[in-house]
Amino acid sequence: MLEVKDLHVSIHGKTILDGLSLAVKPGEVAAIMGPNGSGKSTLSYVIAGKPGYEVTSGEVLLDGENLLDLPADERARKGVFLAFQYPIEIPGVATMTFLKASLNAQRRGRGEADLTTPEFMRRVREASQRLKVDQEMLRRPLNVGFSGGEKKRIEILQMTLLNPRFAVLDETDSGLDIDALRIVSEGVNALRDPTRGFLVITHYQRLLDHIKPDVVHVMAKGRIVASGGPELALELEKNGYRDYAVEAA
Amino acid sequence: MAAPAPSRSTAEATLARQFAALKALAATPGRAAAFARFAASGLPTRRIEAWHYTDLRAAMTDAAPLAPAPDGAAIEAARALLAAHDKIGVARLVTVNGRFAPELGDAPPDGAAVAGREARATEARDAMASLVEAMSPDSLTVEIAAGAEIAGPIEIVHLAVGEGAFSLYSWTEIALGAGARATVVETFLGATPAVQRHAATTVRLARGGWLKHVAAIGDEAELHLESQLIDLEAEAELNAFGFVSGGALNRRQIFARLAGADAKIALGGLALIEGTRRADTTLEVVHVAPRGFSREFYRAIVADEAVGVFQGKIMVAPGAQKTDGAMKSQAVLLSPQAQMNAKPELEIFADDVICGHGATVASIDPEMIFYLQSRGIPKEEAEAMLLDAFGAEAIAKVDDDALAEGLRARLAAWLAGRNLRTEANA
């Protein structure tokens, strides 16, 4: 469903992704692990459509359609979701208002009518109960003053409500304590189904104890340098990245 | 040391002729003195610090003819304007071209007295406030009796009615007796791009008086010059907000004096400036007595080639110990040509005070836009959401749900109009 083909990306003339290729099948959870600076976050931003990255060659295809020509909002309406490593604080916009605007923007993009307020409230209530998100939090401005764990739970709440075709989780485990990690992981696992794909970016094996990947890719210096099953993550945990970093050089 | 007076500009010469022609007024000593104060300095130029960013002498090529007293047709036109304007509060008072028009408004609520009469002398130090004092045909005075509490807002609608170019002068006085409580909204309506409006409002709160004041300017005057002259006695409390969304050249100047101990003032505003418009808010809060409390919070959204100005000065006199003052100005620029000039200042002559100020000028944060877009919200909608939130936070300082809601609707209309214009240009 998601194919990244020979992707070259630079920022201010500096190469970040250097011929990266990757495919995620429907129903698959692919993990990407790699050292700091290997380009993991850049990959997630380029898939989501953040401006400021220069794609010098390559393609990112979702169900065969090249995403790179589309602005971020159109990609989202086609089913791409990025759970941010550092969710952005939006002062003055109540979380609830934002959720409704997002959901309805996507519905309009698909030619569907806006949700009625009761239906919207019902969905939010249901999802937030599962993710242990306090209703009071939803009345506060989006992410403003939220703890790291709260922000990540709100990310997963958004993902649950938006019901994407393909989700990228960028270091969703960073800043989470064990309980929050469990809640967030359960949220992700609840969305696993045979039609949806996930790309889970992480530094650490521990997230993959909770979200079991089908495939693990190792990224270094802007490309995939090794791929394997879940055992690859365990091996990395033991030996670190140094073998791959040297290989990629 | 007085600088040599520059030769009179065309507008200054016209103003002098116009005043002389108002024979009854020109013969009144208080009015003559006010005009003399204006004439001594003339129209302000950028060499005067308080007018540094708005060179009125250069901008005002001439003074438009004075609006005549409204005739039957003008009163009918005024009625039509009022019919299209949603009523706010418990009583509406109306001025037409600077003259109190009781027949167009309501009876004042219990505890309030209203009169059109000769303005009291203020000896305003500002040239333009002095000009209004000299030229205004009469004044509208709203007095709230000591201890009275007015149940809802009193709205004063200042109408500009007429064809073609004209100038109008309006003088309004709001006075609260000891312990009185009231909310007053001043709405400026009807001005076309050929209108020069000169307005002044005095606000006097006796001991323990409490006033909420909102001024809303959304019409299209060529010139909107508005002065607020505020005087607070001990324990008095004022919350005053200015909403600006119209006028080619808009200048609001606020001179506030916290004369009594433990007085409190909260000044706030939101300016929405687009096209080639210019909106200037210049204020001076003077703490004279101990334990005064002042907050100023102003925001501006500046689009296209528009220019915003905020100048704020908090002055703390030697006797005003334990003053607590804080001032903030924040602006968002929506285009590379948009301009904001912000100059907050403190002048402190007492040693035991807490005072601070800050100013920010920024564009919409692209990280925020991307975040919203990544959820499927189109870019224009994301921008409007963020601007709406930015403006709404300023409006919240009004601290009155009904009034804030009215202002938020104006903000939403301005944002929607802006999007339409963008599409039309595309």
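In the predicted model, a salt bridge joins the side chains of Lys50(A) and Glu367(B), with a nitrogen-to-oxygen distance of 3.1 Å. This pair spans two chains, and across the interface of chain A and chain B three salt bridges are found by the rule applied. The interface itself brings 33 residues of chain A into contact with 17 residues of chain B, and the area buried between the two chains amounts to about 1,900 Å², 67% of which is contributed by carbon and sulfur atoms. When the search is extended to the whole structure, 39 salt bridges are found over all chains.

Side chains of opposite charge can pair when their charged atoms come close. A further pair of this kind is formed within chain A, where the side chains of Arg122(A) and Glu126(A) meet in a salt bridge with an N to O distance of 2.9 Å. Because Arg122(A) and Glu126(A) lie four residues apart in helix 4 of chain A, about one helical turn separates them.

Helix 4 of chain A, which comprises residues 117-130, also packs against helix 6 of chain A, residues 148-162, at an angle of about 135° and with the two axes 10 Å apart. The two helices are therefore oblique to each other, and the crossing of helix 4 with helix 6 in chain A is right-handed. On the side of helix 4 of chain A, the contact involves Arg123(A), Val124(A), Ala127(A), Ser128(A) and Arg130(A), whereas helix 6 of chain A supplies Leu157(A), Thr160(A) and Leu161(A). Classified by residue type, this contact consists of four nonpolar, two polar and two charged residues.

Helix 6 of chain A packs in addition against helix 3 of chain A, residues 95-109, here at an angle of about 30° and again with the axes 10 Å apart. The crossing of helix 3 of chain A and helix 6 of chain A is right-handed. From helix 3 of chain A, the residues Thr95(A), Phe98(A), Leu99(A), Ser102(A), Leu103(A) and Gln106(A) meet Ile154(A), Leu157(A), Gln158(A), Leu161(A) and Leu162(A) of helix 6 of chain A. Seven nonpolar and four polar residues make up this contact, with no charged residues. Leu157(A) and Leu161(A) of helix 6 thus take part in the contact with helix 4 as well as in that with helix 3.

In chain B, helix 1 (residues 10-21) and helix 3 (residues 29-41) pack at an angle of about 175°, their axes being 12 Å apart, which makes helix 1 of chain B roughly antiparallel to helix 3 of chain B. Leu15(B), Ala16(B) and Phe19(B) of helix 1 of chain B form the contact with Arg31(B), Ala32(B), Phe35(B) and Phe38(B) of helix 3 of chain B. By class, six nonpolar residues and one charged residue are present in this contact, and no polar ones.

How values were computed. Residues are numbered from 1 along each chain as its sequence is written. Chains are lettered from A and ligands numbered from 1 in the order in which they are written. This is a predicted model: local features need pLDDT of at least 70, side-chain atom pairs count only at pLDDT 80 or more; totals for chains, interfaces and linings use all residues. Side-chain values use heavy atoms; hydrogens and water are left out. Axes are lines fitted to C-alpha atoms, for helices over the stretch in contact, and angles run from 0 to 180 degrees between N-to-C directions. Angles under 35 degrees count as roughly parallel, over 145 as roughly antiparallel, 65 to 115 as roughly perpendicular and the rest as oblique. A crossing is left-handed if the near helix is turned anticlockwise from the far one by less than a right angle, and right-handed if clockwise. Contact means heavy atoms within 4.5 Å. Ala, Val, Leu, Ile, Met, Phe, Trp, Tyr, Cys and Pro count as nonpolar, Asp, Glu, Lys and Arg as charged, and the others, Gly among them, as polar. Buried area is the accessible area (1.4 Å probe) that two parts lose on being put together, summed over both. A salt bridge is a side-chain nitrogen of Lys or Arg within 4 Å of a carboxyl oxygen of Asp or Glu.
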